[in-house]
Amino acid sequence: MQHLTISGLQWGDEGKGKIVDILAENYDVIIRFQGGHNAGHTLVIGDKVFKLSLLPSGIVRADKLCVIGNGVVINPEALHKEITTLQAGGIDINERLKIADNAALILPIHSHIETLRGQVQKIGTTARGIGPAYEDKIARRAIRICDLYDKTHLKQQITVLTDYHNIWLKGMDEPPINPQDMIDFTMQYRDLLLRHAVPIVPFLHNLAAQNKRFLFEGAQGALLDIDHGTYPFVTSSNTIAGAVAAGSGVGGNADTHPFKLGIIKAYCTRVGNGIFPSEDDGEAGDILAENGAEFGTVTGRKRRCGWLDLPLLRHTINISGIDGLLLTKLDVLDTFETINICTHYQYQGEKIDYLPNFIPDNEPLTPIYHQMQGWQTQLRGAKSISDFPQQARDFIDFIETQIQLKIMMVSTGPDRADIIISDLPDFILGDYSNQT
Ligand code: IMP
């Protein structure tokens, strides 16, 4: 009864939502374990488009239980909005959503501070208060959902929090936050939060004891990981597959330890600032952005685009302990005459195969590309990889050989049907073939 973790191996936006939605068929519980409403998942189901940022992608399937783990930071207003929008779209979630009662909340004070600090411009954050909320969690002054069980205790905790932040606001010549505003905000969503709250560890372990299978849904991508990403241009949580245990309380033993699927896009994108060695800010980048509709789900920002970067991929595969790969958006490369894949970097006169953690401004790092011939045909509609033109098969072979991992699934379009499964283990696949 092996569980499954799905994580992005680049800077997010690899198309995880769609893959989770498809593979959810064979799993009972879909669990998010990190991040907040900074994540953006677009799901296309028939003629309906769902944009999710906080709820697990499995929520659009009527028979799936969805869990927001303790590693997620929750903005109650965003939660309420997403639930209301889904319900208006005919999706009933009430009994199917559970939230860890030890998850920390994002309050309006957090996005306020983030904006005042200039992090939105400096890092290119989503301005959702994610970083400041995680800071409060690590500093042990966060408001957790379980604090809402006792109203007197909640008020005290919120006052401690606002007292702390008001010192800084005073130093910035900004008006102080009135604790009562934060209390009112939290109380407004108290019923909603408590309706879904569960003690996550006994809750999930009881389900595991009934042989329920878990699918852990990562948000963002491994290159945005607070420890192993392109710091400081990262998000404030651990985004790698290993964060599942801390963010959900499920470690997994020899039988249930999650199988880890890594999602990679056939090229790279990033939103926000920070190093992007294979970025193409010329015509090729524009074509990738246009063909791939590379505009942020959460902020609407145009994503920076560039070529697939193998040194970074090896890095995130190693950190996450990835067992197999899913390649998405291969069709976005359809029109290119030549396609670049970054295999190494030129740095300080040497050819290196990893990204140094510190690169001085006067020591440029230049990508070294392996150039491949494009296929210049439409891939969408192909039923198997053997139907692909030779150039597309060469592209896949090259990646597999370079990183020594199997590509088990390829996606060639936005719909559920645009998925080619080549080598996915049966225990993951289940009866997927029956639903297409
Ligand atoms: P934060 O998560 O809002 O603190 O933003 C930190 C960095 O992570 C910024 O570069 C964001 O653009 C990026 N980021 C956060 N969430 C996502 C996502 O879901 N997809 C892609 N980038 C993201």
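**His3 and the ligand site in a predicted model**

In this predicted model, the side chain of His3 comes within reach of the backbone nitrogen of Phe214, at a distance of 3.0 Å.

Student: Is His3 buried or exposed?

Tutor: His3 is found in the segment that precedes strand E1 (4-8). Leaving aside residues up to four places away in sequence, His3 touches a set of residues that includes Tyr27, Lys212, Phe214, Val250 and Phe259. Because its relative accessibility is 2%, and the cut-off for that class is under 20%, His3 counts as buried.

Student: Which residues come nearest to the ligand?

Tutor: The shell around the ligand, sorted by class, has 6 nonpolar, 8 polar and 2 charged residues. Of the 16 residues around the ligand, the ones that come nearest are Asp13, Asn38, Thr126, Thr235 and Arg301.

Student: How much of the 470 Å² that the ligand exposes when taken alone does the protein bury?

Tutor: Polar atoms of the protein approach the ligand from side chains and from the backbone: an N or O atom in the side chain of Asn38 is 2.8 Å from an oxygen atom of the ligand, and an N or O atom in the side chain of Gln220 is 3.2 Å from a nitrogen atom of the ligand. A polar backbone atom of Val271, for its part, is 3.1 Å from an oxygen atom of the ligand. Of the 470 Å² that the ligand exposes when taken alone, the share that the protein buries is 97%.

Definitions and conventions. Residues are numbered from 1 along each chain as its sequence is written. This is a predicted model: local features need pLDDT of at least 70, side-chain atom pairs count only at pLDDT 80 or more; totals for chains, interfaces and linings use all residues. Side-chain values use heavy atoms; hydrogens and water are left out. A residue is near a molecule or strand if one of its heavy atoms lies within 4 Å of it. A polar contact is a pair of N or O atoms within 3.5 Å; within protein, one must be able to donate a hydrogen and the other to accept it, and residues adjacent in sequence count only if both atoms are side-chain atoms. Accessible areas come from the Shrake-Rupley method with a 1.4 Å probe; for residues, only the protein chains shown count as cover. Ala, Val, Leu, Ile, Met, Phe, Trp, Tyr, Cys and Pro count as nonpolar, Asp, Glu, Lys and Arg as charged, and the others, Gly among them, as polar. Helices (H or I, at least four residues) and strands (E, at least two) are DSSP runs, numbered from the N terminus. Buried means under 20% relative accessible area, exposed over 50%, partly exposed in between (1.4 Å probe, protein chains only). Contact means heavy atoms within 4.5 Å.
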